[in-house]
Amino acid sequence: MAEKFDVIIVGAGPAGTACAYTLAKAGVNVLLMERGEYPGSKNVMGGVLYRKTMEDIIPEFYKEAPVERPIVEQRFMMLDKESAINFSYKGMEWAQEPYNNFTVLRAKFDQWFADKAVQQGALLLNETVALQCIVENGKVVGVKTDRPDGDLYADVVVLADGVNSLLAKSLGFHKEFRPDEVALAVMEVLKLDRKIIEDRFNLEGDHGCTIEIFGDSTKGILGTAWLYTNKDSLNIGVGTMLSGLIKNKIKPYELLDYVKNHPMIRPYIQGCEQQEYLAHLIPEGGYRSIPKIVGNGVLVVGDAAQLVNAIHREGSNMAMASGVMAAETILAAKEAGDYSEKMLDGYRINLLNSFVGQDLKKYKDATHHFEKFPQYFEQYIPMMNKAASQMFTVDGSSKWSKQKKIWSDLGSAKDKWKMARDLMNAWRVMK
Ligand code: FAD
């Protein structure tokens, strides 16, 4: 007879492992299934892990987890072709316990986190692909795998299989995502001596910094590039909406090459040696793209549920929070002996009321707005750079005349009204 578990979780990323850890800790018989050779072996992230959500699961995890550097500074670059406006926040409160967030390398971190779930009693099955859900009488009762003795059964199946979940799709929970609902990101891990990193990025000891780069880094397409510090490597990447890449006929690796050779970025990565090249999709459709996430005997968590806040590059924390909320609902369902959609819907309600649902709702129109009106990236960032150059160049002309010139360069009265309207609209979708 095929083996039966209380819960089967497909995917040992942050969402699946958070769910497995919470359930196993409560004594539930849980199987965590991962297609990779080990958890993290196939996973990609820019690299920022948020302390709070992780610490709600494992207090003081950073004392033993393979984190790279606590981030003490967040920098932003508004990039034009040969210039940049930079601003940042650096705070020493982020340099000490309990910290704010950390850079991590997913191959190491996911493996460590999954081990913690195993220590709580979860069974981890690597190199196993879930092919589809087994449905009997309208209820998900297990998963078909690529193993010879392939079918596994459970009271509940949690789909934590990441962006574009094939399993959720085959249940009819969502269609193929549109190119304006997903971003394609490419990144490299670049090896660099830790002392050089610390000097180059003005860091003390283990402290780390992140740089988010807008504007010319994506050639005006909606998206962002990033440069993050690890212990002895840098993560550099660029992610743009798939629709923008298609429309502009740009290949993502060409964009990454462009970023690496940009005069504002090049000095940071000089002398680096490429260690890894990675590409991955990010679900960035936001609140309006959240698919059906609850069915009879099944829940969908993390990227599979499109839970990414692209504006604040938060995904791993939303994935973990959703995994924990799914686990809590399953515990309540187990107690009631009821795994119906109605009972499991508590997960959806809790999720939408939590910071995950609230933040996605806050920015529900933002991505689509900035995609529809590319002038924010294409026109306004270059304009800001030009204005800064004019104002800060000392050339014998008065500051009044400079201001006048900047004002006239903004265009006709009609152009200025349009810009004012754009600013109002940007405020409206971000507020
Ligand atoms: P995943 O991490 O994708 O995990 C899914 C797991 O399921 C994988 O291990 C996969 O191998 C496994 N799997 C898939 N299908 C099957 C199957 N059929 N059978 C068995 N196993 C399967 N978020 C942040 O918080 N900070 C950042 O800085 C950040 N930067 C990012 C940069 C990039 C380039 C990308 C791509 C994403 C970034 N994100 C970031 C988003 C973040 O990585 C995701 O939101 C998060 O990983 C989602 O976790 P998850 O567990 O839902 O999915």
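Before I start, one term: a pocket here is an open set of grid points, taken over the protein atoms alone, with protein on both sides within 12 Å along at least five of seven lines. With that in mind, please remember throughout that what we are looking at is a predicted model.

Let me begin with the second largest pocket, which holds about 280 Å³ of space. It is lined by 22 residues, and those closest to its centre are Leu105, Arg106, Ala107, Val189 and Glu276. If you follow the secondary structure, you will find that helix 3, at 106–120, strand 11, at 182–191, strand 14, at 233–241, and strand 15 each supply at least two residues of this lining. By class, the lining has eight nonpolar, six polar and eight charged residues. Where does this pocket lie with respect to domain 1 and domain 2? Both domain 1, made of 4–66, 105–175 and 289–353, and domain 2, at 182–283, give residues to the lining, so the pocket lies between them.

Now to the ligand, which is surrounded by 36 residues, the closest being Glu34, Gly46, Arg106, Asp303 and Ser316. An oxygen atom of the ligand is 2.6 Å from an N or O atom in the side chain of glutamate 34, while ligand nitrogen atoms are placed 3.0 Å from a polar backbone atom of alanine 130 and 3.3 Å from a polar backbone atom of arginine 313. On its own the ligand has 1000 Å² of accessible area, of which the protein covers 95%.

Which elements build the shell around the ligand? Helix 1, at 14–25, strand 3, at 48–50, strand 15, at 273–283, and helix 9, at 316–336, are elements that each supply at least two residues, and strand 15 gives the most, with three. Domain 1 and domain 2 each contribute at least three residues to this shell, whose members divide into 19 nonpolar, eleven polar and six charged.

Finally, a word on enclosed space: the structure holds one cavity of 30 Å³ or more, and the space in the largest cavity comes to about 70 Å³. Its lining is formed by Glu284, Gly286, Tyr287, Val308, Asn309, Ala310, Ile311, Asp359, Leu360, Tyr363 and Thr367, and by class these divide into six nonpolar, three polar and two charged residues.

If you take one thing from this, let it be Arg106, which is among the closest residues to the ligand and also among those closest to the centre of the second largest pocket.

Notes:
Residues numbered from 1 in each chain as written. Predicted model: local features only at pLDDT ≥ 70, side-chain atom pairs only at ≥ 80, totals over all residues. Heavy atoms only, no water. Near = heavy atom within 4 Å. Polar contact = N/O pair within 3.5 Å; in protein donor to acceptor, adjacent residues only side chain to side chain. Areas by Shrake-Rupley, 256 points an atom, 1.4 Å probe, with all protein chains shown as cover. Helix = DSSP H or I, 4+ residues; strand = E, 2+ residues; numbered from the N terminus. Nonpolar A, V, L, I, M, F, W, Y, C, P; charged D, E, K, R; others polar. Domains from an automatic or database assignment. 1 Å grid on protein atoms, 1.4 Å probe; cavity = no way out; pocket = protein on both sides within 12 Å on 5 of 7 lines; lining within 4 Å. Points joined across faces, edges and corners; volume = space filled by probe spheres on them.
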